[in-house]
Structure formats: C-alpha cells, structure tokens
Amino acid sequence: MLSGVYKGVKKDGTVYYRSSVTYKSKHISLGSFATEKEAHRAYKEAKKICSTPSIGIDDKKYKTLDFKKYVILINYRDNDMYIKTPIYLKEKYFYYYFGPEDYLIFDSDDIFYYSDHSIMRRGGHLFVADFGMQVNILSRYGIKNFAVKSRDYRFINGDETDYRRANLEIINRYHGVTRKDNKSGSGYVYEARIHVNGDFVVGRYDSEIRAAIAYNKAADVLKSKGLKKDFPENYIEEYDLNEYLEVYNSVKISKKIDAFGKD
C-alpha cells in the first residue's frame, strides 16, 4: 500500500481506503477515499501542511483533504492544540470555519463547548446537537428562539459573524415584550403585546420584567376564558416565587383582555 493508506471493506463488500498521518506523536485520521491514490494524496497534503508554516487556511492549492481536516491540522500545527472541530485559535478568541472565507468568531471562553459541538446551518439558523436535540446557538447567549435580529438583539459592531459576548446586545429578552423609546424623551418603556387574531396591547411598563409578567398574566386570563392556545410563558430567573406573585397580582393589564369573549 502507498504511504499513509489502509485498505478497508464495508459490510456490503465495497473496498475503500483510509488515510491517516502521525504528527506531534498524535495519530490523526484524514478520512476515507474511493481510491488508494486519492487517499495517498490526502496523506501527502497533510504532511505538507504540517511541515509548512506558510500554508494558511485561505490557501486553495490543497483540495483532496476535507476542509474541516485542513483547518484542524493548521490549528494543531500553529497552536499545539488538537481540536476535532474546524477551529483556529487566536489569543483571546477563535474562528469556527465553514469555508476559507466563511467563519464565525467566538470568545475563548467558548472553546471547550465548540470543540465538542459541531455547528450546523439550516434556513439561516445555527444549531448544535446537544443531548439528542438541535439547539440554536443563540440560546447560549440568553437570546430566545423567537428573537428577531435588530428588534430583540443586535450585533453591536455590525458584524453578524462576531458572536463574542461583548458584541451581542439583548434588547428584548422576553416573549411579547418590546423595548420602545419613552415619549417623554428619557429612557425606555416596555410594551407587552399578545397575539389573538391580531395583536392586543397588554400594557406599557417601566421595566422589562413587569412587562413580561403582564404578558404571562394576560395569557392566563385568556386561557381562563376558554381560549385554547399555547402561549409561551416568560420565565423570570431573577425573582423567587413570592416576588413573582407580588408583581403578578399588582400589575395591571388592558381591560380588553379582561373583556375578551364578551358580547
């Protein structure tokens, strides 16, 4: 067999060829290939990458290796840390690559999570597989699944690939709650709306939490009137049960909610 190549046979009898390289005393699998020559080319590319510091992630000469393996090898070569996902480390942050000019930026604090969770794309959303479920990566930063970019959160520097925490501003944390400029010209008010054959304004409040609890109260009132709809519930981590109930009982909601269903 050619260097770095091992022959394998699938259950159906199909022959394939595995390729691997040993670098810095670590045995690294390079993948499976249809022919011995292709597997050997991958081995030679890996050897060249490991021994040539000038080869960068944007180098387009090397095409046999899967791009993910390409990034893994370059990062291991430059940073002496083997990571099984396509990550390239910098001093205080890292890049997670999908292609040579296609990447996301994360804080170094996230390295252990993303070194063990591959990011997937679907319909413009970014997911990881976590405990058998597909989890939107925004949830790691306190951004809810229903959140809308620019309305509920924003990238402060305008770069939508930059997921460093200092670059993510959460504007609206709770379902049904929108931050609005105060008409008096100072600060904000928080408007709660609930959707029932159109939007009902539940009320406007001086804090985001009060607005979120008002939304919950409106949902409870509507369900008590027989409306069969699964309204998302806002969970208030900052409050214990007594604090929550105090606000829940005192917060006022629109009379239209109380009158819903009456002739």
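A helix, as the word is used here, is a DSSP run of type H or I with at least four residues, and helices are numbered from the N terminus. In this predicted model, Phe67 belongs to such an element, helix H2, which covers residues 67–79. The paragraphs below begin with the protein as a whole and then turn to single elements and residues.

The protein contains six helices and 14 strands. Its overall dimensions can be described in two ways. Along the principal axes, the C-alpha trace spans about 85 × 45 × 30 Å. The radius of gyration is 26 Å, whereas a compact globule of 263 residues would have a value near 18 Å. Of the 263 residues, 41% count as buried. The protein exposes about 15,800 Å², and carbon and sulfur atoms supply 48% of this area. As for charge, there are 45 positive and 37 negative charges, and their mean positions lie 5 Å apart. Contacts along the chain may also be considered: among those between residues at least 6 apart in sequence, 38% join residues at least 24 apart.

The description of single elements may start with strands S1, S2 and S3. Strand S1 consists of residues 5–9 and strand S2 of residues 15–23; the two run antiparallel and are joined by five bridges. Together S1 and S2 form a hairpin with five residues between them. In the turn of this hairpin, Gly13 has a positive phi of about 95°. Strand S2 is also joined to strand S3, residues 26–33, by seven bridges, and this pair likewise runs antiparallel.

Which residues stand opposite Tyr17 of S2 in the neighbouring strands? On the side of S1, Lys7 stands opposite Tyr17. In S3, the bridge partner of Tyr17 is Phe33. Further along S2, Ser20 stands opposite Ser29 of S3. A general point helps in reading such strands: in a regular strand the side chains alternate between the two faces of the sheet.

The hairpin of S2 and S3 has two residues between the strands. Lys24 in this hairpin takes a positive phi near 50°. Ser25 is found in the loop between S2 and S3. Its phi is near 65°, a positive value in a residue other than glycine. Is Ser25 buried or exposed? Ser25 counts as exposed because its relative accessible area is 77%, and exposed means over 50%.

Another positive phi occurs at Phe131, with a value of about 55°, although Phe131 is not a glycine. Phe131 lies in the loop between strand S8 (125–130) and strand S9 (133–136). With a relative accessible area of 81%, Phe131 is therefore exposed.

The account now returns to Phe67 of helix H2. Which residues does Phe67 touch, when those up to four places away in sequence are not counted? They are Ile57, Tyr97, Phe98, Gly99 and Pro100. Pro100 is 33 residues from Phe67 in sequence, and the two C-alpha atoms are 8.2 Å apart in space.

Leu89 is located in strand S4, residues 87–89. Residues under 20% relative accessible area are called buried, and Leu89 counts as buried because its relative accessibility is 16%. Once neighbours within four places in sequence are left aside, Leu89 is in contact with Asn75, Asn79, Met81, Ile83, Phe94 and Ile111. By contrast with these contacts, Lys223 may be taken as a reference point elsewhere in the chain. Leu89 and Lys223 are 134 residues apart in sequence, and their C-alpha atoms are 51 Å apart in space.

The final residue to consider is Lys217, which is found in helix H4, residues 208–224. Is Lys217 buried or exposed? Lys217 is buried, because its relative accessible area is 16%. Apart from neighbours within four places in sequence, Lys217 is in contact with Tyr248, Asn249, Val251 and Ile253. One of these, Val251, is 34 residues from Lys217 along the chain, and the C-alpha atoms of the two are separated by 8.5 Å.

Methods: Residues numbered from 1 in each chain as written. Predicted model: local features only at pLDDT ≥ 70, side-chain atom pairs only at ≥ 80, totals over all residues. Heavy atoms only, no water. Rg over C-alpha atoms; globule rule 2.2 N^0.38 Å. Buried < 20%, exposed > 50% of the residue type's maximum accessible area, 1.4 Å probe, protein only. Contact = heavy atoms within 4.5 Å. Areas by Shrake-Rupley, 256 points an atom, 1.4 Å probe, with all protein chains shown as cover. Lys, Arg positive; Asp, Glu negative; His and termini not counted. Charge placed at Lys NZ, Arg CZ, Asp CG, Glu CD. Pairing = 2+ DSSP bridges.
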